[in-house]
Amino acid sequence: MLVVIKKNFEEMSAEAAKLIAKLIHHKPDCVLGFATGSTPLGTYKELIRMHKEEGLDFSKVTTFNLDEYVGLPPRHPQSYHYYMWENLFKHINVDKRHVHIPHGMADDVEDFCDWYEQKIEEVGGIDLQVLGIGANGHIAFNEPGSSLGSRTRIKTLDELTKRYNARFFENPEEVPKYAITMGVGTIMDAKHLLLLASGYEKSDAIQATVEGPITALYPATIVQMHRTATIICDEQAASKLSRKYSGYLS
Ligand code: PGA
């Protein structure tokens, strides 16, 4: 696991975008796993800039998103479909037939989850998966207690996650209770993990993820077992790492 500590959110985002762009240059038809939330927004902005100013070409790229709320239609402003189109896809030349985001309105969720897993397999797996991290240690919507071998499925949102996400909804009652999420096992199958974290509120989560014991109570800790995981965080998120001056600093 490589931990790269950058000065601030902007530098973290630029570094992450650079890594993604490098993969696209090297393998134009790569499969990218995308995340939502506030953390990757700067990375997406930089990828858009690279597309517009430097011709970064997404036309052959295939994408899979980590998760989606159950019960929110794609046009809902808080759905992750909406987020991805607004914050990235509509600004780049990705082929919409290559975009995959879990369908929060699927009639048969179980069937849909199986299909999603199959689809990832069919394209040869995810080359690089972008991840945020919850203050409670979740990755995607794999909340504390999630099986570390889990696959794409429906999950109940943790109370802390619902409270954190309530800021995006007019009424806290509107925060969905369930989500479809790639499982921890699905995420671990990606060839490269790129976990991003910014701000003091993520410092405990980063400390546990990098230095803590591996536990389902903190699903992000499984990243320690991945062969090619890169964590890019800013100084605030890295502030509780005990060994940052003896090998983590980049
Ligand atoms: P955030 O969410 O990027 O909005 O902090 C990350 C997450 O919950 O995975």
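1. T230 is a buried residue, with a relative accessible area of 7%. The model under discussion is a predicted one, and in it T230 belongs to strand β10. Beyond its neighbours within four places in sequence, T230 is in contact with L2, V4, L19, H192, L193, L194 and L195.

2. Strand β10 (229-234) also takes part in the packing of helix α7, whose buried residues lie against β1 (2-6), β9 (192-197) and β10. The helix spans residues 203-211, and the residues buried in it are S203, A205, I206, A208, T209 and V210. As a general point, an α-helix has 3.6 residues a turn, so residues three or four places apart point the same way.

3. The ligand deserves separate attention. It sits in the largest pocket. The residues that surround the ligand are G37, S38, T39, G132, I133, G134, H138, Y164, R167 and K202.

4. Three side chains approach oxygen atoms of the ligand. For S38, a side-chain N or O atom is 2.8 Å from a ligand oxygen. For T39, the corresponding separation between a side-chain N or O atom and an oxygen of the ligand is 2.5 Å. For H138, a polar side-chain atom lies 2.6 Å from an oxygen atom of the ligand. Taken alone, the ligand exposes 280 Å², and the protein buries 88% of that area.

5. A35 is found in the loop between β2 (31-34) and α2 (41-54). Is A35 buried or exposed? A35 has a relative accessible area of 3%, so it is classed as buried. Leaving out residues up to four places away in sequence, A35 touches P40, Y44, N65, L66, Y83, M84, V130, L131 and G132. One of these contacts, G132, is also among the residues surrounding the ligand. A35 and H226 are 191 residues apart along the chain, and their C-alpha atoms are separated by 18 Å.

6. D29 is found in the loop between α1 (9-26) and β2. With a relative accessible area of 47%, D29 is partly exposed. From D29 to F169 the distance is 36 Å, C-alpha to C-alpha, with the two positions 140 residues apart in sequence numbering.

7. I101 has its place in the loop between β5 (99-100) and α4. The relative accessible area of I101 is 8%, and the residue is therefore buried. Apart from residues up to four places away in sequence, I101 touches N65, D67, E68, Y80, H81, M84, W85, F89, F112 and Y116. Among the contacts of I101 are N65 and M84, which A35 also touches. The C-alpha atoms of I101 and P74 are separated by 9.5 Å, the two residues being 27 apart along the chain.

8. E117 lies in helix α4, which covers residues 109-122. Why does E117 count as buried? Its relative accessibility is 15%, and the cut-off for a buried residue is under 20%. Setting aside residues up to four places away in sequence, E117 touches R151, T152 and T186.

9. T152, one of the contacts of E117, lies in the loop between β6 and β7. T152 is buried, with a relative accessible area of 7%. The side chains of T152 and E117 are joined by a polar contact of 2.7 Å. Not counting residues up to four places away in sequence, T152 touches C113, Y116, E117, I180, T181, M182, G183 and T186. The C-alpha atoms of T152 and T181 are separated by 5.4 Å, although the two residues are 29 apart along the chain. T186 appears in the contacts of T152 and in those of E117, and Y116 is touched by T152 and by I101.

10. A140 is found in the loop between β6 (128-131) and β7 (153-156). At a relative accessibility of 9%, A140 counts as buried. What is the sign of phi at A140? The phi value of A140 is positive, near 50 degrees, in a residue other than glycine. Most residues other than glycine have a negative phi. A reader inspecting the backbone of this loop may wish to note the phi of A140.

Notes
Residues are numbered from 1 along each chain as its sequence is written. This is a predicted model: local features need pLDDT of at least 70, side-chain atom pairs count only at pLDDT 80 or more; totals for chains, interfaces and linings use all residues. Side-chain values use heavy atoms; hydrogens and water are left out. Helices (H or I, at least four residues) and strands (E, at least two) are DSSP runs, numbered from the N terminus. Buried means under 20% relative accessible area, exposed over 50%, partly exposed in between (1.4 Å probe, protein chains only). Contact means heavy atoms within 4.5 Å. A residue is near a molecule or strand if one of its heavy atoms lies within 4 Å of it. A polar contact is a pair of N or O atoms within 3.5 Å; within protein, one must be able to donate a hydrogen and the other to accept it, and residues adjacent in sequence count only if both atoms are side-chain atoms. Accessible areas come from the Shrake-Rupley method with a 1.4 Å probe; for residues, only the protein chains shown count as cover. On a 1 Å grid over the protein atoms alone, a cavity is a set of points where a 1.4 Å probe fits but cannot get out, and a pocket is an open set with protein on both sides within 12 Å along at least five of seven lines; lining residues have an atom within 4 Å of a point. A molecule sits in a cavity or pocket if more than half of its atoms lie within 2 Å of its grid points.
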